[in-house]
Amino acid sequence: MIIIGAAITAYGLEAVLIPNRVIDGGVTGVSIMGAKISELPLGVFLFILNIPFVYIGYKQIGRTFAMMSIIGIAALSAGTIVMHHIDPILSAKDPLLVVASGGILLGVGIGIVLRNGGALDGSEVLAVLVSRKIPFSVGDIILVINVFIFAVAVFIYDLESALYSALTYYIAKTVIDIVQVGLEKSKSVLVISKKSVEIGEIVQHRLGRSVTYTTGRGGFSNEETDMLNCVINRMEETKMLEIIKEIDPSAFIVVSDVAEVRGGRFKKRDIH
């Protein structure tokens, strides 16, 4: 699914946006501008510029996320190289159609990758990590990064292209939210298992997240059992479920969206 998502994103870039002088935000946008200035393949910039962020993701989020992201970024890089000479499916004569279709393709592709535990753009990883240090949401940080990128695009392309690029980003972000609920939203995970303590110890060790234990009683079995509750971010959900399945495949799990987290010790502990 990550490779499919990366291929959809590459197609949206090479068959719709880039031929019509429209870029994306984040590292992808920087890579597109770098490829235009240097005339080097876009895939080279995508891979090289994202590597540092993947490393940061490996250190702070985990090996699985880093591996999934490497697969996605490598597939995106290869996809842009393979599709570089593909015929555009739309022309600049209808810029709004270009923006709409390109934004939808990017949103679907990136959303699929995020939903399956990876990332295609290092700015997403950077924003998640920076948001832990400053009182701004992930969305706010990404917005600031992209405002700067689109401002630079004015000088490399022109004002019209930069504005269409910003609109494309907005559409893509909206579609991503539909496919994959926003990165800034946290998840609450409730686990009912006889091995709750063991699961909690592994979660604290691998994810650096604190857990809370409560004691409950089964309605049918009338047996006491430990329940575990943990609040994580979207990128850690896949790893969390893998840990639970590894320790107790029969565990009862409830994952719910959290609109806001305040106080306590939600800030992630440095496990390195």
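Colleague: What makes E2-E3-E1-E4 a sheet, and is it open or closed?

Modeller: It's an open sheet of 4 strands with antiparallel pairing, strands being DSSP runs of E with at least two residues, numbered from the N terminus. Strands E2 (212-217) and E4 (252-258) are the edges, each pairing on one side only. This is a predicted model, where local features need pLDDT of at least 70 and side-chain atom pairs 80 or more, while totals for chains, interfaces and linings use all residues. Residues are numbered from 1 along each chain as its sequence is written, and side-chain values use heavy atoms, leaving out hydrogens and water.

Colleague: How do you know that E2 and E3 pair?

Modeller: Pairing takes at least two DSSP bridges, and E2 has 6 to strand E3 (residues 224-233), so they count as a pair. Threonine 214 is partnered with methionine 227, and glycine 216 sits opposite threonine 225. The two strands make a hairpin with 6 residues between them. In that turn, asparagine 222 has a positive phi of about 60°.

Colleague: What makes E1 and E3 a pair?

Modeller: The cut-off of at least two bridges again: these antiparallel strands have 7, so they pass. Serine 186, for instance, stands opposite asparagine 233 in E3.

Colleague: Which helix lies across E1, E3 and E4?

Modeller: That's H10 (residues 237-247), running at about 160° to E3; angles go from 0 to 180 degrees between N-to-C directions, using axes fitted to C-alpha atoms, for helices over the stretch in contact.

Colleague: How do you know that the length of H2 (residues 26-38) agrees with a helix?

Modeller: Helices are DSSP runs of H or I with at least four residues, and the expected span is 1.5 Å times one less than the residue count. For the 13 residues of H2 that gives 18 Å, and the end C-alpha atoms are 19 Å apart, so the two agree. Just past H2, glutamate 39 takes a positive phi of about 65°.

Colleague: Which residues of H2 are called buried?

Modeller: Buried means under 20% relative accessible area with a 1.4 Å probe, protein chains only. Gly26, Val27, Thr28, Gly29, Ser31, Ile32, Met33, Gly34 and Ala35 meet that.

Colleague: Why is the crossing of H1 and H4 called right-handed or left-handed?

Modeller: Right-handed here, because the near helix is turned clockwise from the far one by less than a right angle. H1 (residues 2-17) and H4 (residues 63-82) pack at about 35°, axes 8 Å apart. Among the residues making the contact (heavy atoms within 4.5 Å) are Ala6 and Leu13 of H1 and Ile71 and Ala75 of H4.

Conventions: Buried means under 20% relative accessible area, exposed over 50%, partly exposed in between (1.4 Å probe, protein chains only).
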